[in-house]
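Colleague: I should like to learn how to read backbone and side-chain features in a model of this kind. Might we take them one at a time?

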Amino acid sequence: MDQDDQHLQLLSIFHYVVGGLMALFSLFPLIHLAMGLGMVTGTFPAENAEDAQALRAVGGLFTCFAGALILAGLSLAGCVVAAGAFLARRARYTFCLVVAAVECIFMPFGTVLGVFTLIVLMRDPVKRKFGIAVPPRPPAPPVAAGA
């Protein structure tokens with residue numbers, strides 16, 4: 001096993017770990033979702049009909065935003081875990097590259113993992129492992145003596 005294979009294997013494992021952390025952190029808005037559902041269903045008492053209507057409206061916003069955040073976070077976590085599996089199998093290079101770029105928004109773990117994944121995936125030998133044809137590089141121009 002060469003160094004590129006070791007790097008890809010480690011990146012695959014770290015993608016599983018960071019994907020799990022992302023899934024865990026994306027469940028934090030469950031508190032807002034529960035509060036929003038409580039407001040919408042009338043669990044929280046209101047003094048008059050106007051307050052009850054305003055409470056339902058705010059509860060609807062809480063529910064929508066929390067649901068969207070949870071859905072987006074779990075989707076991103078699923079993509080990160082899938083990228084880890086694809087890195088282990090040396091498949092779907094472009095998907096792994098895009099996920100590595102997107103996971104940089106998950107500070108600090110996703111940023112570190114995303115940057116290292118991008119660095120490894122940009123190497124020509126790694127591209128060949130994914131089955132991507134890499135054109136040969138042109139020779140460097142000669143350096144003139146005395147210039």
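Colleague: Where is P108 found?

Modeller: Please bear in mind that this is a predicted model. P108 sits in the loop between α4 (93-102) and α5 (109-121). The peptide bond leading from M107 into P108 is cis, with omega near -15 degrees.

Colleague: Which residue has a positive phi of about 55 degrees although it is not a glycine?

Modeller: R90 is one such residue, with a positive phi of about 55 degrees. R92 likewise has a positive phi of about 55 degrees without being a glycine. R90 belongs to the loop between α3 (49-89) and α4, and R92 is also placed in the loop between α3 and α4.

Colleague: Is R90 buried or exposed, and how is that decided?

Modeller: A residue counts as buried under 20% relative accessible area and as exposed over 50%. R90 has a relative accessible area of 17%, so it is buried. R92, at 56%, is therefore exposed.

Colleague: Which helix holds S12?

Modeller: S12 is part of helix α1, which covers residues 3-25. Its relative accessible area is 1%, so S12 is buried.

Colleague: What does the side chain of S12 reach?

Modeller: For a polar contact, the N or O atoms must lie within 3.5 Å. The S12 side chain reaches the backbone oxygen of G84 at 2.7 Å. With neighbours within four places in sequence set aside, S12 is in contact with G84, L87 and A88.

Definitions and conventions: Residues numbered from 1 in each chain as written. Predicted model: local features only at pLDDT ≥ 70, side-chain atom pairs only at ≥ 80, totals over all residues. Heavy atoms only, no water. Helix = DSSP H or I, 4+ residues; strand = E, 2+ residues; numbered from the N terminus. Buried < 20%, exposed > 50% of the residue type's maximum accessible area, 1.4 Å probe, protein only. Polar contact = N/O pair within 3.5 Å; in protein donor to acceptor, adjacent residues only side chain to side chain. Contact = heavy atoms within 4.5 Å.
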